[in-house]
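Please look over the backbone and the chain contact in this structure. A short report follows.

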Amino acid sequence: MSPFVGKDDYSFTSESTNNINVGWQRLFRALFLVTIFLVFSLVVSLVVGYRTLDFTLLRQDELARILFFELRLPRVLLAGILGASLGSVGACLQAFFRNPLAEPFTLGVSGGGTLGASLAIALGWGINLGGVPIVFVAAFAGAAGASAVVYYLSRSGNTVMPGTLLLAGVVVNLIASAGVILIQYTADYTRALQILRWTIGTIDIVGFDRFSYMFLFLLPGWFVLLVLSRDLHLMAMGEDSAASLGVNIRRCERLVYLASCLVVGVAVAEGGTIAFVGLIVPHGVRLIFGEDVRLVVPCSFIAGAGFLMLADSIARTVLGSVELPVGAVTAVVGGITFLGLLRRQRRFSAI
Amino acid sequence: MPINKKNRLTRSKVLVEARDITFTYDNEQFVVKETSLQIEEGRLVGLIGANGSGKSTLVRLLAGLLHPTSGKVYFGGQSLTRISKQCLARSLAYVPQINPMFFPFTAFEVVLTGRTPYRPRFRFENRIDAEKALNALDRVGARSLAYRPVTELSGGERQLVAIARALAQEPKCLLLDEPSTALDLKHRAMIVQILKSLREEKNITSLVVTHDLQLIDTEFDQILAINQGSIVDDGTPLDILTESVLSRVYNDPSIHAYQIDGRIFVWSGN
C-alpha cells in the first residue's frame with residue numbers, strides 16, 4: 001500500500017472537520033450578534049419619539065419622568081415582547097410546515113385571534129376571568145380555532161399541501177376580518193373605535209400592570225418553542241425522515257400548535273394584528289446565520305424583539321406628531337418581503 | 001440453495017417481523033391486508049410488486065412510521081410500540097422515496113441529522129459526528145456535494161444525500177423505499193454494492209423496495225413479492241424472478257425473464 005494514502009486520508013479529514021463549526025460556539029456567536037442588534041434597537045427606541053429623550057430633564061422634571069417610565073418604557077418593552085413572540089413563532093411554523101412563507105398572519109392564526117379578541121372587547125375590555133383578562137383567553141381560543149381549521153383543510157394523509165395551507169390561511173383571515181367588521185357595526189361607538197384602533201396593530205400600554213398576566217401565557221409558550229427547536233430542525237427536512245430519526249411527530253405537532261396559539265393569542269390581544277414580523281425576522285436570521293433551526297428559533301426570538309422595537313420607533317416618528325400604528329409599518333415592509341420571497345420561491349416550486 | 005458469501009446456513013436471528021398486519025386508511029380499502037413476513041439478520045432483501053400494491057405502505061409500517069390497524073410489527077423480537085423512538089432510530093434507518101426540500105440546508109447539515117439519535121436534546125453534534133457524516137457522504141460518492149444547498153441538487157443527488165444520512169445513523173437495519181428511481185446506472189449499481197458490503201462487513205440487514213427489477217441480482221438473499229397488499233411469494237431471487245411467479249405478481253402474462261451470469265433480465269411485452 002502506498003505510504004501516502006494514510007497521510008492523505010489524515011490531512012483530508014482533519015482539514016475538513018476543522019472548518020466545521022458544529023458546537024455551541026456557532027450558537028453563541030449568533031446569539032451575541034443578535035443581542036448587539038437588540039441592545040442597539042432598545043437604545044434607539046428609548047431615545048427617539050415625539051419628544052427625544054433628554055437625560056437632564058429626566059432627572060429634574062417629574063412629568064418627564066412619568067412620561068418616560070409610564071409611557072415610553074412600557075411601550076418599548078411591549079414591542080420587544082411582541083416581536084420576540086411573533087419572530088420565534090414564525091420561525092417555528094416555517095420549519096414545522098416546511099413552508100418559508102408560513103407565519104402567524106399568513107396562516108390565519110392572527111386573524112382568528114383578532115376575531116376572538118374583538119368579541120371580548122365588544123363585551124367589555126376590562127372583564128377578567130379568574131384574574132386573567134378575558135381578551136387573552138378569547139384571543140387564544142380564536143387563534144386555536146382558526147389554526148385548527150387551516151390545518152385540517154391543508155392536511156391530506158401525511159402531507160401538508162403548501163398552496164392549500166396559505167390559501168386556507170388567507171381565506172380564514174378574510175372570514176375573521178368580516179366577523180370583526182360585523183362586531184364593529186353592532187357594538188356601540190366607543191367600543192367600535194377601540195376595536196378599530198386595536199386591529200391595525202398598535203402598541204399602546206400604560207404602566208406595567210398587564211405584563212405579569214402576559215407572562216403567565218407567554219413564558220410556557222416560549223419555553224416549549226425553544227425546547228422543540230431540535231425536533232423542528234429535523235421536521236424542516238421532511239416529516240418521514242424526522243420520524244425515522246426519533247421525533248415523536250404527534251407530540252411535536254400538538255405542542256407546536258398549543259404553544260403557537262398561546263403566544264400568538266396573547267400577542268394579538270395586546271398588539272392587534274402585527275403582520276409579517278414572523279416572516280421577515282426568521283428570513284433575515286437565516287440569511288445571516290444559515291438554516292439550522294436550532295439557531296434560527298432562539299435568534300429569531302431576540303432579533304424579533306429588536307426588529308419590532310425599531311419598527312415601533314419608525315411608527316412613532318415618521319409622521320412627526322402623529323403616531324402610526326406599528327402594524328402599518330410591518331405590513332408595508334413585510335408585504336414587500338413576502339412578494340419578493342414568493343418570486344424567489346418559484347424556483348423551488350414549494351407553492 | 002441460496003448463494004451465500006459467508007456460511008449463512010446456520011440459523012440466524014429474525015430481526016424484522018410482521019405478524020398478520022393489516023393497514024387501511026379509511027376502513028374500506030385495505031392497503032396492506034393480513035400480511036406476515038420475517039427478515040433475518042444480515043440479509044439483503046428485495047421487496048417487489050406492481051404500482052399501488054402496497055410496497056411503500058408496508059415498508060413504512062415496518063419502519064414504525066405508520067401503525068398497523070391490526071397485527072403487530074416486531075424489531076429484534078420486540079414490538080415496535082414498546083421500543084422508544086430514539087432507541088429504534090439507532091438501529092433502524094429509513095430512506096424515503098421522495099425527498100422534497102424547501103429550505104437550502106447544506107447536504108452536510110442533512111447528513112449530520114443522522115447523528116441525532118445519538119445526541120441528547122440539548123447537545124449539538126461534535127467533531128466525531130461531523131467526521132461520520134462526511135464519511136457517509138464519501139461512501140455514496142457525494143463528498144463534493146457536502147456544502148451545496150440541497151434545494152439546488154438534482155433528484156438523484158438528493159437521494160444519495162438521503163442514503164448518506166441513513167448510513168450516518170449507523171443502523172443495524174436499513175429500509176430503502178425505491179432508492180434507485182432518480183439514480184443513473186452507475187449510482188444504482190453503487191447503492192446495491194454498498195448494501196452488499198455493509199452486509200459482509202457489519203452484518204447489516206437491508207430491505208430494498210423497488211419496482212426496478214434490474215436492481216436485484218442473485219446475490220440478494222431473499223425476495224418478497226407483494227400483490228394487492230399481501231405478500232404472495234417469498235424466496236430466493238432464482239425462485240421469484242421467474243416468468244411464472246412474476247406474471248402472477250404483476251398480473252401480466254407477457255413478462256419474460258432471462259438469466260445471464262447471475263443477473264436476471266426482465267421485460268414485459270412482445
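Glu178(B) sits in a loop of chain B, between β7 (173–177) and α6 (185–202). The model is a predicted one. Glu178(B) is not a glycine, yet its phi is positive, at about 45°. Is Glu178(B) buried or exposed? Glu178(B) counts as buried because it has 21 C-beta neighbours inside 10 Å, and the cut-off for buried is 20 or more.

Chain A offers another case. Phe276(A) lies in the loop between α12 (249–271) and α13 (277–289) of chain A. Its phi is positive too, about 70°, although Phe276(A) is not a glycine. Phe276(A) has 23 other C-beta atoms within 10 Å, so it is buried.

The table sets out the two residues.

| Residue | Phi | C-beta atoms around it |
|---|---|---|
| Glu178(B) | about 45° | 21 inside 10 Å |
| Phe276(A) | about 70° | 23 within 10 Å |

Now the contact between the chains. How many residues does each chain bring to the contact? Chain A gives 26 residues and chain B gives 30 residues. On the side of chain A that touches chain B, three elements give two or more residues: α1 (3–18), α10 (229–235) and α11 (239–244). The largest share on that side of chain A comes from α11(A), with four residues. What is the make-up of the side of chain A that touches chain B? Its residues divide into eleven nonpolar, ten polar and five charged.

How values were computed: Residues are numbered from 1 along each chain as its sequence is written. Chains are lettered from A and ligands numbered from 1 in the order in which they are written. This is a predicted model: local features need pLDDT of at least 70, side-chain atom pairs count only at pLDDT 80 or more; totals for chains, interfaces and linings use all residues. A residue is buried if 20 or more other C-beta atoms lie within 10 Å of its own, exposed if 12 or fewer, and partly exposed in between; C-beta atoms are placed from the backbone. Two residues are in contact if their C-beta atoms, placed from the backbone, lie within 7 Å. Ala, Val, Leu, Ile, Met, Phe, Trp, Tyr, Cys and Pro count as nonpolar, Asp, Glu, Lys and Arg as charged, and the others, Gly among them, as polar.
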